[in-house]
Every structure is written in C-alpha cells, then in structure tokens.
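This report walks through selected parts of a structure for someone meeting it for the first time. Please keep the sequence and the 3D view open while reading.

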Amino acid sequence: MKFRVERDVLADAVAWAARSLPVRPSVPVLAGLLIETTDDGLVLSTFDYETSARATLPADVTDEGRALVSGRLLADICRSLPNKPVEMTIDGAKVSLTCGSARFSLQTMPVEEYPALPEMPAATGTVNSDVFAAAVAQAVVAAGRDDMLPVLTGVRLEIEGASISLLATDRFRLSHRELSWEPGVTDASAAALVPAKVLADTAKSLTAGSQVTIALSTSGAGEGIIGFEGSAGGGVRRTTTRLLDGEFPKVRTLFPTEHLTLARVDKASLVESVKRVSLVAERNTAVQLAFSDGVLTLDAGSGDEAQASESIEASVEGDDITTGFNPQFLLDGLTAIEAPVVELAFTQASKPAVMAGARSMDADADLAFRYLLMPRRLLS
Amino acid sequence: MSPRDLAAASRECPILHVDMDAFYASVAVRDRPDLQDVPVIVGGGHRGVVLSANYLAREYGVRSAMPMTRARRLCPQAVVIPPEFATFTAVSSSVMENFRQVTPLVEALSLDEAFLDVSGSVRRLGSPYTIAEQLRARIYDEQGITCSVGVASTVAVAKLASRRAKPDGVVVVPPQSVTAFLHPLDVGELWGVGEKTTQMLNRLGLMTVGDIAHTPLATLQRAVGASLGAQLHQLAWGQDRRVVTPRRGADEPDKSMGADETFGRDTDDPEVILREILRLSAKVAGRMRTARVAGRTVTLRVRFADFTTITRSRTLGDATDVTQEIYQTAADLFTALGLQRARLRLVGVRMEGLLPRAAVQRQLVLGARESGWSEADQAVDRATLRFGAQAVRPATLLGEGRP
C-alpha cells in the first residue's frame, strides 16, 4: 500500500471517521482505523459493532493494499501535520507517514481480525443536509439519557411519503419535528428507532454536502440498521448504525387537542428571564410561570431561602394560568425553537404545555417543531 | 433525710430527669392484674430482643436489649408479651403532656425519659423535689405506672441520680454533694462510656468516677482521645450543661426513617428477601405519609449470617413517599448486590434526606394516569386507619400473620 493525499482532505476525513471510535473497545482491533486503497481512491473506516463510519477521499494511489492503525493516534497526528502533501506506505508491520520533513512510523494491528463493515441498505430517499441537521438537533433535546430505559435514548424516525417525523421523549418532555424530503418511492412508509447520540452526531457532521441520503433496512434478515450518506472533501461519507430494539411509546396522542390559554412571549427575553430567576431555584425546584392579562411573571425559590421574581410582557388569550417547570427542561425547549417568538399553549396547571415558535407576535405558529413539557407540581 | 430537708436541698437543683420504670413492661401489665406478681418480659419473635422486663424478671438477670432466647433461659417462667407500640406512644405522649404542664422546657430523650428544667416553676409549684413527687403521683394516678426522678443542677448528674432512684423513687443531688455522689460510681455509669471505653479505662486502673477525676487531664486524653478525655474529666467533676433544650420526641421531624427485620432463620431465598423488602418499604412509606414527609435517598441494609453488614443507597430524582417507588429502588439495590446464595440474617430499608411533604415538588410524567400509586397508597392509609394494619396489603404480603 502506498498513496499520496492532500493534508487537509486527509485530516478532515480521519477526524470524521475517528468520531465513532469506541472509548473502551471490547476487542483491541476496534480501536483501529482501517485504511484501504481501491479504485475509488482512499477509504477510511471505523466500526464498533454498533456504528460504522466510512469515508472515501481522492488520493494518488501507487500501490493497493490495506492497513489497520490506531485511530486515535492517527487522528491526533493528522490534526498536527504541516500543510504539505502526506505520503503513507506500508512497510512490514509498520505504516510510515511522511509529511514535509515530519516522519511517523505507526504499528499496525492485524487487519484480518477486523470485522467487515455492514452493507449500506438500499437508499430510501434524500433530504437537504442543513434542514436535516437542524431538525435532528431540535428533536434530540427531549431524548432520554438514562440507559436503564434504552428505548427512550432513541429518536423515533417515521417516514410517510414525502415527510419525515422525528419524535423523542424522556417521559417528562416530548419533541416532535416534521420535515419534508424526497423519498425514493412516493408511497414510502417506514419507522426506525435510531440512537439519539449517533443521529445527532451524524446529522451535524454531514452538512458539508447539500444532500444526505437516508437508507433504512428494517425488514429482512438480522437486525435493522440505518445508513446516512453525504459528500465532503471530494468523497463520500457514510455512517450506519444499529437500530434500537423495543417499542417506542405511542406519543403523538399526548399532544392535547385543545387549549384554554394561549400565550406568546418574545423568546430571547423569556430565555434570559428564566436563566436569571432560576439562579435561586434550588436543585429539584421549579420556576413558576404565571400568565395573566398581558404579563408573564416568573418566580423561583422558597420562603426559607433566596427568592427571585421577574415580569415580562406577554400576549395572553384565554384563562389565567399558573404552573411550574423544571428550569432546564424549559430552557432546552426554548433554545431548540429557532423563531424569535414562542407560543405556549396550556389546558390545566397539571397538564402538559405545548411550545412552538412563530416568526412574529402576529404570525401563525410554526408547528413543524413542537415541544411538549410536563409541569412540576407539589406532592400534595 | 426528711421530705422537708429534701425539698430544701433541692432548691438549687432545677434539672429533673424523669425515667419511667420498666416502661413497656409497666404499660403492658397495668391492665392485667393477673400479671402483677409474675416476671414479665416485653419483646417479640423467636429471634427478637427484650424490649423491657419488669423488676421481677430483672431479678433473674433479664435485661433490655438481651436476646429473647437468653432471657427465656434465665427466667423460663416469665410471661412474654408482644409490644404494642400504639399504646406505648399514647401513654408516652400523655406523660410528656404532664411534663409540659409543669414547664415548657421539656427535652424528650425517648418515649420513656425526659429532662425538665423547672427553675421557672418553683415559685408556682414548690421546690424541685416537691415537683418531682407531684409528677410521680400524677403519672401513677393517670397512667398507672411508676417513674423515678433524678434531681440535680446538671443534666448528666440528674440522669445518674434517676438511675439511683429506681424503682419508684426520687434522688436529690444538691451541688455540694455532687462529687460525693459521683466519685464512688463505676466509670461505666458515666454518659458516653460504653463497654469498650470501660474496658480501656479499667485496664488503666481507673475503676470509679473518682479515679477519673483524679487523673491528670493530659493522661486521660492520651488514653481515650482529646475530646472524650476532656468530656469525661468534666463529667467526673459534675461539670456539664445546665440547659434543657425543648424537644418533642416523636413530633420532631426525623432526618431519616427506616425499618429492619431479622429473619426467623437465615435465608438465601431472593423471593423471601424481596417480599420482606416490600413489607419494610410499605411500613416505612406508611410512617412517612403519617408524618407528612418525603425522602430522596433509599438505603438498603443487609446483614449476612456472619454478621457482616453492608449498606447500599440510591438517591432518586425527586423525593417520594410512595411505597412502590421505595420498594422498586430498594429491590434494585438488592438485585445489584448480585448475591449468590449468601445467607442473610437481616434486611433493612431506610429513607434519608426527609423533607416536609408540603415543600416537595414532583416532575410529572407524560401520559401517566391521573391516579397512580400515590393515590393507591392514600386509599390504603385511609382503609388502614379504619380497619387496622391488616386491612389492605400488597397481595405478595397476604397470608403471613405478622402485622
């Protein structure tokens, strides 16, 4: 194996592929990054039996071959190389890397022990990469982090014709994002439970190209996997990950069908205000929101300790309402909303509130992203 | 000394230590004339311990906290009565109420003993000695049980004096006789001196309180440590706090609540152990709901057959008083121990970090039913209140006769 490649192209591809390296590999070879030269140029791959990453990049290949080296080390090296072309050759049990006058010699790992990467399933459709990254970033806010409830650490991805729904919940809040895409077939219909962390990482890392291809295989033999493919640095980046097992709860019906109070607030003021007031909210206590006649009053703290309150302007339609939320959950939802105005819909103080964004105080709410949040209540 | 002399001697002794005589045993037999003249032991279970014994039983060497099996061997003819805590608590609170009619400065130490500072009541009710006798008479009259009172100018001496007064008496230790009273006593009688410290002091040749008093402070501190040494030295000279801090025994909000169960025989059956954990969780949760508190930390205690004891705890996101949540956490802790046929002698469940219920918030869960375990618990509590502790129980706990 012998090839020559541009330093920036290599460094970017190596960093991308090294993201999914396992921190504590179950087998030593899984800490490796596989370097292969083919007719397409250079291929870099990592795999931890859950998630695989594969990047192709243009290179001048002199000799074909493959080598497995420590991914973490290669990423560190590539990040620090001078801006000159990089040459790599295999030399017995070592890989030598030359860049300008810098030379590195890396120990190889047994390449024949490295597992084969899963096949990318057939493409199901394509989506604009920026829209996809933004949508995923919004959806994952509500995903659970508790490994005791593995189903909730995933994002439910539902494909129905030309639209994709993303749903995530940790039992206390629920995010729902709708986006449109171009399915391969017009009557496409599928659903998958994708690990939220992998999905968020992948969507964010595939914004270099304009499109992301989504490939889903849920039926057929073996466990379902999902693949994402985008382009970057003159090559193709492809990630596959194993879908989570288990039944995602039926959550769509949790959105209330009606509301008794509808309030609109400037998002930035509300975020600032919640941050300030929650400074005195001790661990596990709520920030209280009281909506009444053009004013939203925020309160936090208890009589025995520090207290804070602040009022901001709000347009309130319907009944007055007072309810309390975990300040972090509230901020998570608010910051996920991109629009400058946030609309909050309530039924009762013990029922969830629905948050959505709007372009202005008068514009219709943008229901493509909705965040449902359960309040905190006194025990008795 | 005549009562008149005692009254005069007690003028400078405003601290009373009142201790019920064989409290549980006295309460248990007061309505049972048939048990007046036989040895009686209060305690329970095959492996239980003696909670209290009347003076007839004590003559045979029966002591509280002694294993029941040993007590039965010492005094086979004794009548054993299971404890009825509800009655004990009721009697205790009316006795404490009697104390509070004498002075607001009542420091309840447990169900059956308290310190009283009567310096403000002397003008109204007479000398501390007179007050002590009045109290004893009233308690005997109202509750049919006797108590002993130690009268002194400091807390520690009052406590020692009440022990000398037992049963059914009063001992006054005026300030000028404190050293004469203290110095002949065994070192083990001092507050803060247990079995271990007694042994250590005895090894140094310190047998009586007087020996401690006449040991240089530095020597004493080298032997038992700086703080205990200083404390013992002061106690030996009768120097101690004179302030009684009003404290209500059971009404004071506890920082934690827990319950233990020693198995009838050691067991390694996870089903039996988990069932016991459920029973203890229900017991603790019920007590928490009665006291209107909720807690965040669940602690599981496990004692193996060889008496090694371990505890494991987990802190929940929100404070709870719900039986199922406490049980689930305790059961998870037990499962996480990964015990393989280890024989257990005891399990215990404890809730820590208790807060008044009114201050506790809960994060509501999406799609949860409007009424859940919490409401079920409240319904159980109401049923229990009317029909007794056996009325409603988890099905797993049916069919065992224990309360």
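The buried residues of helix H2 (residues 71-80) of chain A are A:Gly71, A:Leu74, A:Ala75, A:Ile77 and A:Cys78, where buried means under 20% relative accessible area, exposed over 50% and partly exposed in between, calculated with a 1.4 Å probe on protein chains only. Because these buried residues fall within an arc of 165° when seen down the axis of H2(A), they line one face of the helix; the arc is that of the directions from the helix axis to the C-beta atoms. On the face of H2(A) turned away from the buried side are the exposed residues A:Arg79 and A:Ser80. Helices (H or I, at least four residues) and strands (E, at least two) are DSSP runs, numbered from the N terminus.

This is a predicted model, in which local features need pLDDT of at least 70 and side-chain atom pairs count only at pLDDT 80 or more, while totals for chains, interfaces and linings use all residues. Residues are numbered from 1 along each chain as its sequence is written, chains are lettered from A and ligands numbered from 1 in the order in which they are written, and side-chain values use heavy atoms, with hydrogens and water left out.

**Chain A: around the helix**

The cover over the buried residues of H2(A) includes helix H1 (7-18), strand E2 (32-38), strand E6 (65-70), strand E7 (86-91), strand E8 (94-99) and strand E9 (102-109) of chain A. H1(A) and H2(A) pack at an angle of about 145° with their axes 9 Å apart; axes are lines fitted to C-alpha atoms, for helices over the stretch in contact, and angles run from 0 to 180 degrees between N-to-C directions. In this packing, A:Arg7, A:Leu10, A:Ala11, A:Val14 and A:Ala18 of H1(A) meet A:Gly71, A:Arg72, A:Leu74, A:Ala75, A:Cys78 and A:Arg79 of H2(A), contact meaning heavy atoms within 4.5 Å.

**Chain A: a covered strand and two loops**

Strand E19 (residues 261-266) of chain A is mostly covered, with five of its six residues buried. E19(A) runs antiparallel to strand E23 (residues 315-318) of chain A, to which four bridges join it, and also antiparallel to strand E25 (residues 341-346) of chain A, here over six bridges; two strands pair if DSSP finds at least two bridges between them. A:Arg264 has A:Ser315 as its bridge partner in E23(A) and A:Glu343 as its bridge partner in E25(A).

Two loop residues of chain A have a positive phi without being glycine, namely A:Tyr49 and A:Arg171.

| Residue | Phi | Loop of chain A | Relative accessible area |
|---|---|---|---|
| A:Tyr49 | about 75° | between strand E3 (41-47) and strand E4 (51-57) | 43%, partly exposed |
| A:Arg171 | near 85° | between strand E12 (163-169) and strand E13 (173-180) | 37%, partly exposed |

**Chain B: sheets and a helix**

The secondary structure of chain B comes to 16 helices and 14 strands, and buried residues make up 45% of its 403 residues. Five strands of chain B form an open sheet of mixed pairing, in the order E5-E6-E1-E7-E8. Strand E5 (106-110) and strand E8 (170-172) of chain B stand at the edges with a single partner strand each, so one side of each is left without a neighbour in the sheet. The twist averages 15° from one strand to the next. E5(B) pairs with strand E6 (residues 113-117) of chain B in the antiparallel sense over four bridges, and B:Ala108 stands opposite B:Ala114 in E6(B). Helix H8 (residues 155-165) of chain B lies across strand E1 (15-20), E5, E6, strand E7 (147-152) and E8 of chain B, running at about 140° to E7(B).

Another open sheet of chain B has three strands in the order E3-E2-E4, again with mixed pairing. Its edge strands are strand E3 (50-53) and strand E4 (79-81) of chain B, each of which pairs on one side only.

**Chain B: two loop residues**

B:Ile145 lies in the loop between helix H7 (128-143) and E7 of chain B and counts as buried at 2% relative accessibility. Leaving aside neighbours within four places in sequence, B:Ile145 is in contact with several residues, including B:Met20, B:Phe23 and B:Val91. The C-alpha atoms of B:Ile145 and B:Val91 are separated by 9.7 Å, with the two residues 54 apart along the chain. In the loop between H8 and E8 of chain B lies B:Pro167, and the peptide bond from B:Lys166 to B:Pro167 is cis, with omega near -15°.
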